[in-house]
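Biologist: I would like to go through this model one feature at a time. Please reason briefly and finish each reply on what I asked for.

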Amino acid sequence: SPTLFEDLSDWFDLIIRGDAAAGEILEIAVLPFDDLSEQAGNAFLSDGLTDELINSLGRLEGLKVVSRSSSLSLRHRYEDVRSVGNFLRVDAVVEGTVKRAGDRLRVSAQLSSTRDGFLLWSQTFDRDLGDLLQLQAEISADIVAALREKLEIPGLEQPPLDVAAPDMEAYQLYLNGRFLAKLRGESQRRRSNGLYRQALELDPASTRARLAVATSLDLL
């Protein structure tokens with residue numbers, strides 16, 4: 001029966017991956033956050049949050065995080081988390097939504113097990129747009145806390161908190177540039193480079209924007 005084949009597939013997968021304990025999480029994926037803003041043009045916020053969460057969780061010892069390119073391959077593919085787990089070979093996934101209303105953000109995030117599809121943790125955050133970097137750090141810290149409490153991962157270190165951006169307008173320009181760069185093509189690359197340069201003018205100390213300018217020029 002189909003159920004039998006699914007059970008056998010899960011069993012073989014468990015053997016291949018090293019006979020991990022039932023509640024153990026060794027690999028995790030952050031799926032692209034969905035933009036639910038009523039106004040268009042805010043997708044860069046959800047993309048930026050996804051990228052920062054991948055980077056933040058990727059710095060943790062004892063936890064493997066799927067690369068951004070692999071996670072983005074599942075954008076707009078609304079599959080069961082168990083199917084996602086089989087496709088990406090992960091034990092859990094982080095997914096969520098971002099909704100902007102003026103200068104306010106509402107971010108909903110959740111952590112689910114790919115073994116049984118059960119929800120392990122979820123939370124909604126309401127913040128000012130200027131607190132975006134701090135919000136990213138808070139979500140990462142809460143996910144780590146959930147992993148510690150519910151799954152008892154030994155030695156999992158708390159992610160370091162990012163320092164708030166001195167100029168939020170510069171950070172939004174940087175995120176917009178990142179969003180355009182993902183669309184590929186010379187014209188989009190030149191537009192994104194222009195946004196990076198505007199970000200640097202507003203915030204000359206921004207290492208993110210400086211590195212993005214250098215990478216963009218190299219590709220051009």
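Biologist: How much space lies in the largest pocket?

Modeller: The model is predicted, and the values here are computed from it. The largest pocket is lined by 23 residues. The space in this pocket is about 560 Å³.

Biologist: Which residues of the lining lie nearest the centre of the largest pocket?

Modeller: Elements giving two or more residues to the lining of this pocket are α2 (43–58), α3 (68–72), α6, α7 (186–202) and α8 (207–219). By class, the lining divides into 9 nonpolar, 4 polar and 10 charged residues. Those nearest the centre are D51, R68, R178, A181 and K182.

Biologist: Which element gives the most to the lining of the largest cavity?

Modeller: The search of the whole structure finds 1 cavity of 30 Å³ or more, and about 30 Å³ of space lies in the largest one. Its lining consists of F44, D47, G48, D51, L175, R178, F179 and K182. At least two of these residues come from each of α2 and α6. With 4 residues, the element that gives the most is α2.

Biologist: How many charged residues does the lining of the largest cavity have?

Modeller: D51, R178 and K182 are among the residues lining this cavity. The class count gives 3 nonpolar residues and 1 polar residue. The charged residues number 4.

Biologist: Which helix gives the most to the largest nonpolar core?

Modeller: This core has 44 residues, and those with the most contacts inside it are F33, L45, L111, W121 and I139. The helix that gives the most supplies 8 residues and spans residues 168–181. That helix is α6.

Biologist: Which residues of β4 does F33 touch, among its contacts beyond four places in sequence?

Modeller: β4 covers residues 92–101. Beyond four places in sequence, F33 touches S46, L49, T50 and L53, as well as V107, S108 and A109. The contacts that fall within the range of β4 are V94, E95, G96, T97 and V98.

Biologist: In which sense do β1 and β4 pair, parallel or antiparallel?

Modeller: β1 (residues 27–30) is joined to β4 over 3 bridges. One bridge partner is V94 in β4, for V30. The sense of the pairing is parallel.

Biologist: Which residue in the turn between β4 and β5 has a positive phi?

Modeller: β4 and β5 (residues 104–113) run antiparallel and are joined by 10 bridges, with V93 opposite S112. They form a hairpin with 2 residues between them. The turn residue with a positive phi, about 70°, is G102.

Note on methods. Residues are numbered from 1 along each chain as its sequence is written. This is a predicted model: local features need pLDDT of at least 70, side-chain atom pairs count only at pLDDT 80 or more; totals for chains, interfaces and linings use all residues. Side-chain values use heavy atoms; hydrogens and water are left out. Two strands pair if DSSP finds at least two bridges between them. A nonpolar core is a set of buried Ala, Val, Leu, Ile, Met, Phe, Trp, Tyr and Cys residues joined through side-chain atoms within 4.5 Å. Buried means under 20% relative accessible area, exposed over 50%, partly exposed in between (1.4 Å probe, protein chains only). Contact means heavy atoms within 4.5 Å. On a 1 Å grid over the protein atoms alone, a cavity is a set of points where a 1.4 Å probe fits but cannot get out, and a pocket is an open set with protein on both sides within 12 Å along at least five of seven lines; lining residues have an atom within 4 Å of a point. Grid points are joined across faces, edges and corners, and a volume is the space filled by probe spheres set on the points. Ala, Val, Leu, Ile, Met, Phe, Trp, Tyr, Cys and Pro count as nonpolar, Asp, Glu, Lys and Arg as charged, and the others, Gly among them, as polar.
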